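Visitor: Could you walk me through this one? I'd like to ask about whatever catches my eye.

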Amino acid sequence: MNTVIAFIFMFGLLVFIHELGHLIFAKRAGMLAREFAIGFGPKIFAFTKNETVYTIRLLPVGGYVRVAGEDPEIVELKPGQHIGLEFNDEGKVNKIIVNNKSKHPKARIIEVEHADLDQDLVIEGYEIDEEDQKFLFEVDRKAFYVMDENETQIAPYDRQFASKSVGKRAMQLFAGPMMNFLLAIVIFIIVGLIQGVPVESALISSVQSDSPAEKAGIQAGDEIVQIDGNSISTWEEFTNIVRNNPEEELSVTVERNGETESLTVTPAKQEQQGITFGQVGVRHAFEKSLTGTLEYGVERTYETTKLILTNLAMLITGQYSIEMIAGPVGIYDATDQFVEAGFMTFLMWTAILSINLGIVNLVPIPALDGGRLLFVGIEAVRGKPIDPQKEGIVHFIGFALLMLLMIVVTWNDIQRLLL
């Protein structure tokens, strides 16, 4: 149950922060953000505030911000169509009843001849009882379509995504991944404030009982200064050698109370997500420093980003197989292990996943933020946008392929857990 709660909290936080970035910059640019959703599928919970519907949906596989101009549900009023109109105190149309007009007895029923809800905000047509007289109705900028008793606010062109400058659109798309990187920095800073930041040297703070390190005679307070005759000055150098040499005997020189001592340790073989590595069972020493904590937050995010990008490059070039990718099931399994390791470890895992989410969304794959940024970039270069229908087809195909990849990855995760 702890893992379930932790996973839901972690997933909700990562998606919320990501989509919050999109929402903030959409509103800053003057776009109409119709919906802010956590999850996909049927609505579980919803409320409306400042033109935006906030929803939690059934399937915890992502989230989205629906911006005007990208809405497939927007109704197109056609000549000859019968609609109902309701008016505000200024005499402007504030509700356009598309169907179930009998449920709105106060609505004026008209036959549409022409409608412009993008620029001029007018509807021309004939009232059913007065077919010889044509009327011109002004439409309020915040009027609603009413279809199946669900209201959807209209979006004049200047409130739509496509009406904004290339820079504003690019920023709105980039804001989601950017927020994930900022979240990671904040989490690392919180971790640093609670437990301190690691010292630069390979100084041991504690040794796990019955671990290879304890069996070798390594003690808390020891500083690793040499491995197999090679000088060690940082913790990273020490851990890289240990990780790369599972079940290999290593000659270790430690400094203890001002004196050096030679020991022999054999890292235990560990495996996670198909990766084999060595581990000796020691923890790095930490120190409390406000300045160091702030630097640690930024540096740890930078180093983690570099590592993930390196692994991504190896995946693209074929050095890693698709089996190395973890889906929701694999992430849940890993989360279980990190929850058992303690709250600080879980927080670090959350920060790493946040960086992962930011990077993956910036990859120029159709349907993701990176793919949409690519189209905005192409528009900036060629001076005009690509046909929206063609772009939509590309994103649809990209989304379908992503869903297929998700199924394959999830199947691999399940097989890996069952074997």
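Guide: We can begin with serine 211, whose side chain reaches the backbone oxygen of valine 280 at 3.4 Å; please keep in mind throughout that this is a predicted model.

Visitor: Which other backbone oxygen does the side chain of serine 211 reach?

Guide: That of glutamine 208, at 2.7 Å. Once residues up to four places away in sequence are set aside, serine 211 touches Val280 and Gly281.

Visitor: Where does serine 211 sit, then? And is it buried or exposed?

Guide: Serine 211 belongs to the loop between strand S10 (204–207) and helix H3 (212–216), and it counts as buried because its relative accessibility is 4%.

Visitor: Val280 came up there. What about valine 242, what is it in contact with?

Guide: Apart from neighbours within four places in sequence, valine 242 is in contact with Pro267, Gly278, Gln279 and Val280. It lies in helix H4, which covers residues 235–243, and with a relative accessible area of 6% it is buried. For a sense of scale, the C-alpha atoms of valine 242 and threonine 410 are separated by 31 Å, the two residues being 168 apart along the chain.

Visitor: Switching to charges: how many salt bridges does the structure hold?

Guide: The structure holds 14 salt bridges. One of them joins the side chains of glutamate 35 and arginine 57, at 2.8 Å from N to O. Glutamate 35 is in strand S1 (residues 33–49) and arginine 57 in strand S2 (residues 52–67), so this pair ties together parts 22 residues apart in sequence.

Visitor: Are those two buried or exposed?

Guide: Both glutamate 35 and arginine 57 are buried, and they are linked with Arg66 in a network of salt bridges.

Visitor: What does arginine 256 form a salt bridge with?

Guide: Its partner is aspartate 222, and the closest N and O atoms are 2.8 Å apart. This pair links distant parts of the chain, since arginine 256 is in strand S13 (residues 250–256) while aspartate 222 is in the loop between H3 and S11, 34 residues apart. Arginine 256 is buried with a relative accessible area of 14%, and aspartate 222 is buried with a value of 0%.

Visitor: And glutamate 303 with lysine 306, how are they placed in helix H5?

Guide: They are three residues apart in helix H5, which means that about one helical turn separates them. Their side chains meet in a salt bridge at 3.8 Å, N to O. Glutamate 303 is partly exposed, with a relative accessible area of 37%, and lysine 306 also counts as partly exposed, at 39%.

Visitor: What about aspartate 369, which side chain of opposite charge is nearest to it?

Guide: That is arginine 372, 5.2 Å away, and aspartate 369 has no salt bridge although it is buried. The cut-off for a salt bridge is 4 Å between a side-chain nitrogen of Lys or Arg and a carboxyl oxygen of Asp or Glu. The side chain of aspartate 369, a residue of helix H8 (residues 369–382), does make a polar contact with the side chain of histidine 18, at 3.0 Å. Beyond its neighbours within four places in sequence, aspartate 369 is in contact with His18, His22, Leu173, Pro177 and Asn361.

Visitor: Now the sheets. In what order do the four strands of the open sheet come?

Guide: The order is S12-S11-S13-S14, with antiparallel pairing. Strands S12 (230–231) and S14 (259–265) stand at the edges with a single partner strand each, so one side of each has no neighbour in the sheet. Two bridges join S11 (residues 223–227) to S12, and isoleucine 227 has asparagine 230 in S12 as its bridge partner.

Visitor: How many bridges join S3 to strand S4?

Guide: Four bridges join S3 to S4 (residues 93–97), in the antiparallel sense, and leucine 85 has isoleucine 96 in S4 as its bridge partner. Their hairpin has five residues between the strands, and there glycine 91 takes a positive phi near 85°.

Visitor: Last topic: how many residues does the largest nonpolar core have?

Guide: The largest nonpolar core has 26 residues, and among those with the most contacts inside it are Met10, Phe188 and Trp349. Helix H7 gives the largest share, nine residues. Methionine 10 touches several residues beyond four places away in sequence, including Ile331, Phe346 and Trp349.

How values were computed. Residues are numbered from 1 along each chain as its sequence is written. This is a predicted model: local features need pLDDT of at least 70, side-chain atom pairs count only at pLDDT 80 or more; totals for chains, interfaces and linings use all residues. Side-chain values use heavy atoms; hydrogens and water are left out. Buried means under 20% relative accessible area, exposed over 50%, partly exposed in between (1.4 Å probe, protein chains only). Lys and Arg count as positive and Asp and Glu as negative; His and the chain ends are not counted. A polar contact is a pair of N or O atoms within 3.5 Å; within protein, one must be able to donate a hydrogen and the other to accept it, and residues adjacent in sequence count only if both atoms are side-chain atoms. Contact means heavy atoms within 4.5 Å. Two strands pair if DSSP finds at least two bridges between them. A nonpolar core is a set of buried Ala, Val, Leu, Ile, Met, Phe, Trp, Tyr and Cys residues joined through side-chain atoms within 4.5 Å.
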